[in-house]
Amino acid sequence: MRIVRDVVRVQVPATSANLGPGFDAFGLALGLHDVVEVRATTGATRTHVEGEGAATVPDGEDHLVVQAVRAGLEIARAPQVGLDLRARNAIPHGRGLGSSAAAVIAGLVAARGLISEPEALDDATVLELATEWEGHPDNAAAAVLGGATLAWTPQEGEVDAVRLAVDPALTVTALVPQTSLATKVARSVLPATVPHADAAFTGARTALLVLALSGRADLFLEATRDRLHQPYRADVLPASTALLGRLRALGLPAVISGAGPTVLVLDVVPAGLRASLAGEGWTAHVLDVDQTGARLLD
């Protein structure tokens, strides 16, 4: 395997996982992107980050995108090289919008673009590697494939995913707070078991969500009800949980985005309400669904 390109640019979308009842399975790619340029060099690895996380992410070999590029080159049995990384980040960090999955996938897709046989890092391989990194495939599947996705593990150590039909008119609103929350904290409060009735309740809404995504927007409010994870996270997400209740009381299909604290509404939040929420510290992003997933630019 050879390095055949000196420089590649990758665009990767933000993602929202779960969408209410689809815990660790459903994902949605959003029209908010990080753009990463990776240049192969003969010198030491250097990183430069603009935008989200610029002041906080590790640099050099400790940068997550660099680590993912290295992992991709290793899997493809390509030579390791010096890397000059430039990242322009728009995806908020620690907000439940898939920033870590985006970084991993950006690195793996960049490695694909550098090598002589890109099929060595096809989508299935990238998804498998990203899932090993993340621990669950929901954000990774949406970031790789685009659109709405359903991911699952056929057996231990394997992962698969499919795209779901999505109404092309679907526009969503991500309400992002100023505070962040570590995913491990949000997962730590989940119980080992749930009541059978709650599992059955949530399973029915998950099936309904497939239909809602395909164009039955009238079903979104009911289809996004959940009893598996959101109620248990209320104590670590008090502001997000309160906003969730307010929005749903208004008839808006709101969910906690991934592990939070961002609240995702599967609709356009009215401008007046967005302005009011801005005064409370919530930044609103009205977003289309990203239909392509991570891709090489140019």
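Student: How much accessible surface does the chain have, and what share belongs to carbon and sulfur atoms?

Tutor: In this predicted model, the accessible surface of the chain comes to about 12700 Å², and carbon and sulfur atoms account for 52% of that surface.

Student: And how many of the residues are buried, as a percentage?

Tutor: Of the 298 residues in the chain, 51% are buried.

Student: What does the radius of gyration say about the overall shape?

Tutor: The chain has a radius of gyration of 19 Å, and because a compact globule with 298 residues would have a value near 19 Å, the two agree. If you prefer to picture a box, the C-alpha atoms fill one of roughly 60 × 45 × 35 Å, taken along the principal axes.

Student: How many helices and strands are in there?

Tutor: The secondary structure comes to nine helices and eleven strands. If you look at contacts in the chain with a separation of 6 or more, 72% of them are accounted for by residues 24 or more positions apart.

Student: What about charges, how many side chains are positive and how many negative?

Tutor: There are 23 positive and 33 negative side chains, and the centres of the two sets lie 4 Å apart.

Student: Let's zoom in on threonine 15. Where is it, and is it buried or exposed?

Tutor: Threonine 15 is found in strand S1, which covers residues 7-17, and it counts as buried because its relative accessibility is 0%, below the 20% cut-off.

Student: Which side chain does its own side chain make a polar contact with?

Tutor: The partner is the side chain of asparagine 139, with a distance of 2.7 Å for this polar contact. Asparagine 139 also appears among the residues that threonine 15 touches beyond four places in sequence, and that list includes Leu28, Gly96, Ala142 and Ser257.

Student: What comes after S1, and which residues there have a positive phi?

Tutor: The loop between S1 and strand S2 (26-41) holds asparagine 18, whose phi is near 80°, a positive value in a residue other than glycine. Aspartate 24 is found in the loop between S1 and S2 as well, and its phi is near 60°, again positive in a residue other than glycine. Asparagine 18 is buried, because its relative accessible area is 3%.

Student: Now threonine 202, where does that one sit and what does its side chain meet?

Tutor: Threonine 202 is found in helix H6, residues 196-213, and a polar atom of its side chain lies 3.2 Å from the backbone nitrogen of arginine 227. Leaving aside neighbours within four places in sequence, threonine 202 is in contact with Pro21, Asp226, Arg227 and Leu228. Its relative accessibility is 1%, so threonine 202 counts as buried.

Student: Where is the cis peptide bond?

Tutor: A cis peptide bond joins glycine 260 and proline 261, with omega at about 5°, and proline 261 has its place in the loop between strand S8 (254-256) and S9.

Student: Last one, aspartate 267: where is it, and how exposed?

Tutor: Aspartate 267 is found in the loop between strand S9 (263-265) and helix H9 (271-278), and it counts as partly exposed because its relative accessibility is 35%. Its contacts, apart from neighbours within four places in sequence, are Thr171, Val172, Thr173, Leu252 and Pro253. The C-alpha atoms of aspartate 267 and alanine 254 are separated by 8.5 Å, and these two residues are 13 residues apart along the chain.

Definitions and conventions
Residues numbered from 1 in each chain as written. Predicted model: local features only at pLDDT ≥ 70, side-chain atom pairs only at ≥ 80, totals over all residues. Heavy atoms only, no water. Helix = DSSP H or I, 4+ residues; strand = E, 2+ residues; numbered from the N terminus. Rg over C-alpha atoms; globule rule 2.2 N^0.38 Å. Buried < 20%, exposed > 50% of the residue type's maximum accessible area, 1.4 Å probe, protein only. Contact = heavy atoms within 4.5 Å. Areas by Shrake-Rupley, 256 points an atom, 1.4 Å probe, with all protein chains shown as cover. Lys, Arg positive; Asp, Glu negative; His and termini not counted. Charge placed at Lys NZ, Arg CZ, Asp CG, Glu CD. Polar contact = N/O pair within 3.5 Å; in protein donor to acceptor, adjacent residues only side chain to side chain.
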